[in-house]
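Q: I am new to this structure and should like a close look at a single part of it, together with the parts around it. Please begin with one residue and work outwards from there.

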Amino acid sequence: METKSIIILTWLIALVLIEYRYPFILPKNLREKLGHYLKNLSFGGINTIISILLIIPLSKLVSDNSLQIISFDHIIFSILILDLFIYLWHRANHNIAFLWRFHKIHHLDRSLDVTSSVRFHFIEVMISALIRLVVIFLFGISFAHVLIFEAMVFIASSFQHSNINLNKRFEKNLSYLIVTPSIHFIHHEKEMANTNSNYGTIFSFWDRIFGSSNQNIERNQDMDIGLKEMGSGEYLPDLKLLDLLKAPFKK
Ligand SMILES: [Zn+2]
């Protein structure tokens, strides 16, 4: 646990520094940037508390008492099955109106950086964790594997949301296996056809296998991040933390 925390913290600091040094989109001003950090990290703080108090203990309980219908008890199998699950779950969040109410909060972010990766409504985090318990139960995924997977998701998600301008060739090669910032940027583009594509979290091949990979456009600095409806009145662009938390419950 200690080593895991050190690795994650080092990774995060490194990403923030690289973002600062090699940004894909230059931040407009420091004040706005700090506000963005603060708001998203507040989401992250709420979700960390829920994770420590609820999700981790429940995952351990279910893992220790699982059915093991199909269990290979191998880390590769566990990572593949859990990553496939969150790919399918992410698609469900875009296609089921009730789930979209909560997932939308993630997409209302007007710019992307490392902190966007923790901007999730706590209800989405809780529902997602509860459904994942079914997967852990059926496939008998060990608690150690769940923890490794969680660390991998955190590392992958912070990377794919980061505002880093990577070497094009390096990123292209990486994108055959891993979801890169360019791939995920398209998922946050305002056009709904783009938002409803590129759902992967760790591996990019699920999108290619299930036909949701978006090869039509490449990310560029002029693209708008967010949702088309922003500013239309339903959601104002700069909703405060509390308003974002309440937004899914409004008619
Ligand atoms: Zn999404």
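A: In this predicted model, Ala 151 is partly exposed, with 16 other C-beta atoms within 10 Å. A residue counts as buried at 20 or more such atoms and as exposed at 12 or fewer, so Ala 151 falls in between. Ala 151 lies in helix 6, which covers residues 143-161. Leaving aside residues up to four places away in sequence, Ala 151 touches Lys 4 and Ile 8. The C-alpha atoms of Ala 151 and Phe 85 are separated by 16 Å, and these two residues are 66 residues apart along the chain.

The two partners of Ala 151 lead to helix 1. Lys 4 and Ile 8 are among the residues through which helix 1 makes its contact with helix 6. The axes of helix 1 and helix 6 cross at roughly 0° and come within 11 Å. Helix 1 is therefore roughly parallel to helix 6. On the side of helix 1, the contact is made by Lys 4, Ile 8, Trp 11, Leu 12 and Leu 15. On the side of helix 6, Ala 151, Phe 154, Ile 155, Ser 158 and Phe 159 take part. By class, the contact of helix 1 with helix 6 holds 8 nonpolar residues, 1 polar residue and 1 charged residue.

Helix 1 itself spans residues 2-21 and has 20 residues. From its first C-alpha to its last, helix 1 reaches 29 Å, close to the 28 Å expected at 1.5 Å a residue. Helix 1 is hardly covered, for the count of buried residues among its 20 residues is 2.

Helix 6 can be described in the same terms. Helix 6 has 19 residues, which at 1.5 Å a residue should span 27 Å, and its end C-alpha atoms are 27 Å apart, in agreement. Its buried residues are His 145, Val 146, Phe 149, Ala 156, Ser 157, Ser 158, Phe 159, Gln 160 and His 161. What covers these buried residues of helix 6 includes helix 1, helix 2, helix 3 (75-95), helix 5 and helix 8 (181-187). Ser 158 and Phe 159 thus appear in two settings: they are buried, and they belong to the contact with helix 1.

Two further residues of helix 6 deserve attention. Val 153 lies in helix 6 and is partly exposed, with 17 other C-beta atoms within 10 Å. Not counting residues up to four places away in sequence, Val 153 touches Thr 201 and Ile 202. Val 153 and Leu 82 are 71 residues apart in sequence, and their C-alpha atoms are 9.9 Å apart in space.

Ser 157 also has its place in helix 6. Ser 157 is buried, because 20 other C-beta atoms lie within 10 Å and 20 or more are required for that class. Beyond residues up to four places away in sequence, Ser 157 touches Ser 117 and Thr 201. Thr 201 is therefore a partner of both Val 153 and Ser 157. Ser 157 and Lys 172 are 15 residues apart along the chain, and their C-alpha atoms are separated by 18 Å.

Two of the helices that help to cover helix 6, helix 2 and helix 5, also pack against each other. Helix 2 comprises residues 30-64 and helix 5 residues 122-139. Their axes lie 10 Å apart, at an angle of about 15°, and the two helices are therefore roughly parallel to each other. Helix 2 passes helix 5 in a right-handed crossing. From helix 2, the residues Ile 46, Asn 47, Ile 50, Ile 55, Leu 58, Ser 59, Val 62 and Ser 63 take part in the contact. From helix 5, they meet Phe 122, Val 125, Met 126, Ala 129, Leu 133, Ile 136 and Phe 137. The contact of helix 2 with helix 5 has 12 nonpolar, 3 polar and no charged residues.

One of the residues in loops completes the account. Asn 198 is found in the loop between helix 9 (192-195) and helix 10. Asn 198 is buried, with 23 other C-beta atoms within 10 Å. Although Asn 198 is not a glycine, it has a positive phi of about 50°.

Note on methods. Residues numbered from 1 in each chain as written. Predicted model: local features only at pLDDT ≥ 70, side-chain atom pairs only at ≥ 80, totals over all residues. Axes fitted to C-alpha atoms, helices over the stretch in contact; angles between N-to-C directions. Helix = DSSP H or I, 4+ residues; strand = E, 2+ residues; numbered from the N terminus. Parallel < 35°, antiparallel > 145°, perpendicular 65-115°, else oblique. Left-handed = near helix turned anticlockwise from the far one by under 90°. Contact = placed C-beta atoms within 7 Å. Nonpolar A, V, L, I, M, F, W, Y, C, P; charged D, E, K, R; others polar. Expected span 1.5 Å × (residues − 1).
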